[in-house]
Amino acid sequence: MNLFQRTCLATAALLGVTTASAQTVLTVSSWLPPTHSLSMVQKEWCDLLEKNTAGKVKCNILPRGVSAAPGTYDAVKNGLADVSYTVHGYTPGRFVYTQMAELPFLGNSAESISVALQKAAQKYPPMIAEHQGVKVITLFTHGPGIPFNTKKSITKVEDFGGLKFRVGGGMVNEMAKALGMNATLKPAPDSYELLSGGVMDGTLFPAESTISFRIDKLIKHATIFPGGLYNTSFVFMMNQAKYDQLGADEKKAVDAISGEVAARMFGRGWDKVDRVALGMMQANQVTVVRPDAKFIADVKARTAPLEQKWIKDAEAKGLKDAAKVLAEFRAEIAKQEK
């Protein structure tokens with residue numbers, strides 16, 4: 001090999017290194033199956049980021065999660081994954097402000113509640129600051145929460161008593177207690193095993209989850225409240241150090257599809273599957289109860305103290321005029337749903 005050939009090879013190798021180093025790869029984890037709405041929206045977000053950066057930032061979506069759901073927040077914080085999402089309530093006591101989004105009767109779509117939650121977080125920085133050690137991409141929620149069970153129709157508050165329910169943690173755990181449920185904190189992916197084995201009689205889920213966790217053939221009864229009996233809040237996040245290492249243009253690209261943009265993506269994805277699931281419930285002849293005025297009033301009476309407790313706890317932690325924040329949040333949901 002002559003000098004010219006050796007020089008060409010060396011130049012090509014150097015260019016290869018330069019090209020490789022110019023591409024940023026984000027390690028992305030999901031504790032849910034690839035077919036779940038959240039996994040698919042996370043991939044959609046990654047694909048949009050790659051497109052908007054002309055391939056300079058790509059995601060390596062791992063075949064399985066780096067951690068079970070409850071450990072995901074710390075897994076991202078500690079760098080085991082660069083990007084993922086988790087349920088706030090899976091780490092009890094860690095998050096207070098976001099429990100606002102888990103109160104009963106908030107709204108009828110995941111998109112409207114998610115956007116309103118993200119708008120509130122942007123207006124009130126303590127809600128973002130509560131997520132120590134990670135870069136918050138967005139906050140979002142699932143669709144209206146529904147009590148499902150395998151035993152009987154629930155037509156009044158007293159019917160909740162005696163049934164064993166799986167709950168996901170956070171505000172919903174306190175709400176379940178207020179309604180007299182025998183509630184046990186378990187991650188959502190455990191639901192099929194718990195219900196099929198008779199360990200639990202029911203679960204609190206949005207409609208979507210009956211499909212995602214394969215319990216659509218197990219459940220026999222559902223009670224659908226206007227605005228949802230409860231909700232669950234999530235955080236979609238990035239490892240802070242990884243974000244800090246990004247170039248200015250890369251940060252700009254991430255920021256452009258964060259916040260409200262990402263909240264709408266997650267909300268719309270969830271709403272789409274909720275609609276499919278409600279149709280499947282009809283096909284599977286699930287008995288659906290639409291609560292009457294007395295049932296709704298009784299639930300509101302029992303759960304009202306949870307709202308006052310949240311206001312007190314949020315202000316004790318540092319959120320000023322929490323009642324005003326909550327009123328604005330509800331008003332924004334109503335605005336989004338018009």
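**Close-up of F160 and F165, two buried phenylalanines.** In this predicted model, F160 has a relative accessible area of 0% and is therefore buried, and F165, likewise at 0% relative accessibility, counts as buried. The rings of F160 and F165 form an edge-to-face aromatic pair, with 6.4 Å from centre to centre and 65° between the planes. A search of the whole structure finds 13 aromatic pairs.

**Close-up of the aromatic pair F236 and F266.** The ring centres of F236 and F266 lie 5.0 Å apart and their planes stand at 65°, so this pair is edge-to-face. The contact links distant parts of the chain, since F236 belongs to strand β10 (residues 233-239) and F266 to helix α11 (residues 260-283), 30 residues apart. Both F236 and F266 are buried. Ring pairs also place these two residues in a cluster with W45, F140, F234 and W270.

**Close-up of the disulfide between C46 and C59.** The structure holds one disulfide, which joins C46 to C59 with an S to S distance of 2.3 Å. The torsion about the S-S bond of C46 and C59 is about -85°, so the disulfide is left-handed. This pair ties together distant parts of the chain, with C46 in helix α2 and C59 in strand β2, 13 residues apart. C46 counts as buried because its relative accessibility is 2%, under the 20% cut-off.

**Close-up of strands β1 and β2 with helix α2.** Strand β1 (residues 24-28) and strand β2 (residues 57-61) run parallel and are joined by five bridges. Within this pairing, T27 stands opposite N60 in β2. From β1 the chain passes through helix α2 (residues 37-52) before entering β2, and the resulting β-α-β crossover is right-handed.

**Close-up of helix α10 and its two faces.** In helix α10 (residues 248-256), the residues E250, A253 and V254 are buried. These three residues lie on the same side of α10 because they cover an arc of only 100° around the axis. The face of α10 turned away from this buried side carries the exposed residues A248, D249, K252 and A256.

**Close-ups of two lysines placed over aromatic rings.** The charged end of K135 sits over the ring of Y243, at 4.5 Å from the ring centre. In the second view, the charged end of K300 sits over the ring of F105, at 5.3 Å from the centre of that ring.

How values were computed. Residues numbered from 1 in each chain as written. Predicted model: local features only at pLDDT ≥ 70, side-chain atom pairs only at ≥ 80, totals over all residues. Heavy atoms only, no water. Pairing = 2+ DSSP bridges. Helix = DSSP H or I, 4+ residues; strand = E, 2+ residues; numbered from the N terminus. Right-handed = clockwise from strand over helix to strand, strands pointing away. Buried < 20%, exposed > 50% of the residue type's maximum accessible area, 1.4 Å probe, protein only. Arc of directions from axis to C-beta. Disulfide = S-S within 2.5 Å. Phe/Tyr/Trp six-rings, centres within 6.5 Å; stacked < 30°, edge-to-face > 60°. Lys NZ or Arg CZ within 6 Å of the ring centre and 35° of its normal.
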